[in-house]
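Visitor: I'm new to this one. Can you walk me through it?
Guide: Sure. Here it is.

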Amino acid sequence: MTTSPSLAPPDRAGAPRTDGPHGAAATGDRSLTEFGYPQQLHRTMGRFASFAAGFSFISVLTTVFQLFSFGYGFAGPAFFWSWPLVLGGQLLVAACFAELAARYPISGSIYQWATRLANATYGWFTGWLMVIGQIVVVTAAALALQVVLPAVWPGFQLLGGDPALTTGTGAANAVLLGTALIALTTLVNVIGIRLMSVINSVGVTAELTGILLIAVLLLTHSERTPTVVLHTGGQSGYLWLFLVGSFTAAYVMIGFDSAGEMSEETRAPRRTAPRTILLALAAAGLGGGLLILGALLAAPDLTDGRLATEGLSYVLTSTLGDLPGRLLLADVAVAVCVGTLAMQTAGARMLFSMARDGVLPFSRRLATVSPRTGTPHLPALVTGGLAIGFLLVNLLAPSAFLALETTCIVLVYTAYALVVGAMLRRRLRGLPIGSEGERDEHGEPLFSLGRWGLPVNVLALLYGVAMTVNLAWPRAAVYDPAGGHWYLQWFSLLFLAAALAAGAAYRLRRR
């Protein structure tokens, strides 16, 4: 049975939630009153802070620096073309999400949207996969410090030895740096949304400046013409190389829905969130594309193997000089820290949203919000602790970092596809995707795709399913190149199956 768009998910007793003495009606917040939730989180975020939430989750500098070498190592310069294609596919998904963000401005957006478009069980599994994916992506982002900090200053290689992530000393040092970073982001999240928002906004400003500077400097130091992007690398067929090379773009362009995730802390969310979802993705797509193109044009040598091992850090320091290169890498390190913070915040809000509906273990405690800071403290601690736990996987096998990165993308893409699929089902049945005739806080019609809604929705679902299959496909050459670790080859599928099985077991026990 489809949940009414204006009805909140059922609580433990199975009855709809209603406003209590501290409900949304008491605060005058109509956006939450109609969904039956109290306004507990503090609305302090403006338009730029909302944009920053999505942009810093995507964190172009973090993810491009982290996986450039991987994409180049498999597909050569032609892996550049996977970037605009993935951006196009994700813009289709983002357009669907923008419609939903205008109609359901609630924390835990992916979970809330799936629940209202389909039913409580469907929404629960969607939220379950998404929150696990968000926790794993915090782990993956924190590992990026190892790619950057030792290149800024060798002293950051605290354990000595080779700093490469695929070596034992590099993997161990990555865990050490990542643990320190997650501990810091957890502290910021516990202190409150105001501090997080300020850090996020300052960090995004620094990242945007860094992207522009790096792209301009690399493009003005070109060693070759743009025709270089027509060349491939490796011995396998181009299609295989292209599909593997697209992992870089797929990893970068997730998390744009975070603007919707923070809706309950955003002023005028029905108007703001849809626009910032699309703007964050578009800005990240343009910036990342320029970085990749600039690196391919400015790299001193495309055949010496260093691009496939050292990536963009090598290009910066060798092309721009040691000191300027290190200064720009320091800006990348700031982006890594701010991106990790944004990712953890999004995961904490998803946990809070599900716990508020009483559908998670220890829901009562997880749903507690500090009246002073307007922040759910325990979800921040849980996401931080679990993310550090996943870091330890990197100690078991140094090459596990790629399995972790791919796993988080598979989980997020699966959750995205579930939302887009439920949305398409409603369109095909002729049902509205939200309240009809609503207007935003400025009295304007809500964001809508109009007659383009159905074709955009269909293409978004086809893209999402195809990319999920591509990412999860157990390629030994990709996930276990050294051999002898069969579990790494199948890690994403095994993890997804385990997550679904654990969720099903919990649901059955709860019933």
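Visitor: Which glycine follows helix 19?
Guide: Glycine 430 follows helix 19, and its phi is positive, near 75°. Helices here are DSSP runs of H or I with at least four residues, numbered from the N terminus; strands are E runs of at least two. A caution: this is a predicted model, where local features need pLDDT of at least 70, side-chain atom pairs count only at pLDDT 80 or more, and totals for chains, interfaces and linings use all residues. Residues are numbered from 1 along each chain as its sequence is written, and side-chain values use heavy atoms, with hydrogens and water left out.

Visitor: How many residues does helix 19 have, and how far does it reach?
Guide: Helix 19 covers residues 400-428, which is 29 residues. From its first C-alpha to its last it reaches 42 Å, close to the 42 Å expected at 1.5 Å a residue. That expected span is 1.5 Å times one less than the number of residues.

Visitor: How many of its residues are buried?
Guide: In helix 19, 24 of the 29 residues are buried, so it is mostly covered. Buried means under 20% relative accessible area, exposed over 50%, and partly exposed in between (1.4 Å probe, protein chains only).

Visitor: Zooming out, how many helices and strands are there?
Guide: The chain has 23 helices and zero strands.

Visitor: And what radius of gyration does the chain have?
Guide: It has 22 Å, which agrees with the value near 24 Å for a compact globule of 511 residues. The radius is taken over C-alpha atoms, and the globule rule is 2.2 Å times the number of residues to the power 0.38. Along its principal axes the C-alpha trace spans about 65 × 45 × 45 Å.

Visitor: What share of the chain is buried?
Guide: Buried residues make up 59% of the 511.

Visitor: New topic. Which residue other than glycine has a phi near 45°?
Guide: Serine 59 has that positive value. Most residues other than glycine have a negative phi. Serine 59 sits in the loop between helix 3 (47-58) and helix 4 (60-75).

Visitor: Is serine 59 buried or exposed?
Guide: Serine 59 is buried, with a relative accessible area of 0%.

Visitor: What about alanine 268, where is that?
Guide: Alanine 268 lies in the loop between helix 12 (258-261) and helix 13 (269-298). Its phi is positive, about 50°, although it is not a glycine. Alanine 268 is partly exposed, with a relative accessible area of 22%.
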